[in-house]
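User: I am beginning to study protein structure and would like to work through one example. Could we examine it by question and answer?

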Amino acid sequence: VNAAQGNPVQVQGWVKGDIGQSIPLICIDGMVHAPDSPLSLSGAWQFFSYECEPTASSNLAIYLSALPDKTPIYYDAISVSVLGQSGNLVRNASFETVQRVIRLPIYISGMQNSFVSFSDWQLTARGYFSGLVWVLVQYWSAFGGTQPGLTRTQLLPYLGMMGIALVGCIHLYSRSVQMRNPLALLISAVTLVVAAMIIRMQVYPATFQLLHFSSARQAMIAAVPVSVLMALGLYHLIPSKWRYQMASGIILFLFATNILIIYQAILPFHGCELDPKVLCVDFIMNGG
């Protein structure tokens with residue numbers, strides 16, 4: 001919903017329920033937004049329309065309310081669109097298809113949600129990608145498990161460092177037969193951890209919350225082999241007479257980064273009296 005951030009979103013559709021009942025019209029983007037008055041049902045199909053405005057969240061849900069007494073209520077032709085733009089953000093607007101049910105043997109039944117998520121990759125692919133990006137952010141700067149400590153621009157030097165280290169590892173693997181087995185072992189360890197993380201990543205097509213933070217933490221097991229690979233790649237590319245100086249420079253750079261994260265994000269966050277606390281961290285609220 002990047003196109004909807006900061007822009008009014010119009011929600012339309014048809015609803016049918018028992019006369020005299022009323023339902024709230026709600027959209028959620030991490031915070032709940034609802035019109036001032038609920039919709040009164042007439043007993044026949046009736047059209048509804050309302051607007052909400054997502055904040056900096058990357059996820060948006062339109063909540064189709066149920067009745068408290070479990071009386072049947074019906075929805076059809078749901079449309080979610082950014083005002084002034086064409087196109088419906090809802091892919092299954094009239095419920096033409098239902099969520100797949102994949103039956104697995106009891107000893108791997110816990111992976112059923114993952115298989116459902118993989119099978120609906122058109123909806124979940126972005127969630128998996130954002131989860132992998134978050135792992136990278138978490139590796140370099142995150143605090144509190146869910147908050148970035150650096151802006152996107154400030155993370156670019158670290159991406160560059162990882163790219164250079166990758167080139168160094170490839171060059172080392174091609175030039176040194178002695179180092180091939182250790183490198184293959186480290187790369188295999190990272191690959192297995194990332195595969196496990198993706199399988200456990202909670203990206204469900206039917207919910208607005210992409211719960212990959214709780215599962216992505218498992219990728220931190222790969223922090224040690226990733227760090228070793230980076231050290232080997234950079235060490236291989238740096239001329240021998242400059243290695244000590246470059247190593248000292250990198251250590252000082254990382255130390256300065258920690259100081260920056262503390263003053264830029266951690267202190268404002270923990271000293272904030274607002275709710276949520278991210279309101280006091282400008283670059284997080286502005287999308288990094």
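The questions below concern a predicted model.

User: How many helices and strands does the protein have?
Analyst: The model under discussion is predicted. In the protein, buried residues account for 31% of the 288 residues. As for its elements, the protein has eight helices and eight strands.

User: Of the contacts between residues at least 6 apart in sequence, what percentage join residues at least 24 apart?
Analyst: The count leaves aside pairs that are less than 6 apart in sequence. Among the contacts that remain, the share joining residues at least 24 apart is 65%.

User: How much area does the protein expose, and what percentage of it do carbon and sulfur atoms supply?
Analyst: The exposed area of the protein is about 17500 Å². Of this area, the part supplied by carbon and sulfur atoms is 63%.

User: How far apart are the end C-alpha atoms of helix 4, and what span should its 21 residues have?
Analyst: Helix 4 covers residues 180-200, which is 21 residues. At 1.5 Å a residue, these should span 30 Å. The distance between the end C-alpha atoms agrees with that expectation, for it is also 30 Å.

User: Which residues of helix 4 are buried, and what arc do they cover around the axis?
Analyst: A residue counts as buried when its relative accessible area is under 20%. In helix 4 this holds for L183, L186, V190, V193 and M197. They lie on the same side of helix 4, because around the axis they cover an arc of only 100°.

User: Which residues are exposed on the other side of helix 4?
Analyst: To be exposed, a residue needs a relative accessible area over 50%. On the side of helix 4 away from the buried residues, those that are exposed are N181, L185 and L192.

User: Which residues touch the most other members of the largest nonpolar core, and which helix gives the largest share?
Analyst: The largest nonpolar core has 20 residues, and W140, L155, L229 and M230 touch the most other members. Two or more residues of this core come from each of helix 2 (121-140), helix 3 (152-175), helix 4 and helix 6 (223-237). The largest share, six residues, is given by helix 3.

User: Why might nonpolar residues gather in this way?
Analyst: A general tendency is relevant here. In soluble globular proteins, nonpolar side chains tend to be buried together.

User: Against which helices do the buried residues of helix 3 pack?
Analyst: Helix 3 has 24 residues, and its reach of 35 Å from first to last C-alpha is close to the 34 Å expected. Its buried residues are L155, Y158, M161, A165, G168, C169 and L172. One of these, C169, counts as buried because its relative accessibility is 12%. The buried residues of helix 3 pack against helix 2, helix 4, helix 6 and helix 7 (243-270).

User: Is L229 buried or exposed, and how far apart in space are the C-alpha atoms of L229 and V190?
Analyst: L229 is found in helix 6, and its relative accessibility of 12% means that it counts as buried. Leaving aside residues up to four places away in sequence, L229 touches C169, L183, L186, I187 and V190. L229 and V190 are 39 residues apart in sequence, while the distance between their C-alpha atoms is 9.8 Å.

User: Which two cysteines form a disulfide?
Analyst: A disulfide requires two cysteine sulfur atoms within 2.5 Å, and the count comes to one. C272 is buried at a relative accessible area of 5%, whereas C280 is partly exposed at 28% relative accessibility. The link has 60° about the S-S bond and is right-handed. With sulfur atoms 2.0 Å apart, the pair consists of C272 and C280.

User: What is the phi of A77, which is not a glycine?
Analyst: A77 is found in strand 8 (residues 74-82). At a relative accessible area of 35%, A77 is partly exposed. Most residues other than glycine have a negative phi. A77, by contrast, has a positive phi of about 50°.

Definitions and conventions:
Residues are numbered from 1 along each chain as its sequence is written. This is a predicted model: local features need pLDDT of at least 70, side-chain atom pairs count only at pLDDT 80 or more; totals for chains, interfaces and linings use all residues. Side-chain values use heavy atoms; hydrogens and water are left out. Helices (H or I, at least four residues) and strands (E, at least two) are DSSP runs, numbered from the N terminus. The expected span of a helix is 1.5 Å times one less than its number of residues. Buried means under 20% relative accessible area, exposed over 50%, partly exposed in between (1.4 Å probe, protein chains only). The arc is that of the directions from the helix axis to the C-beta atoms. A nonpolar core is a set of buried Ala, Val, Leu, Ile, Met, Phe, Trp, Tyr and Cys residues joined through side-chain atoms within 4.5 Å. Contact means heavy atoms within 4.5 Å. Accessible areas come from the Shrake-Rupley method with a 1.4 Å probe; for residues, only the protein chains shown count as cover.
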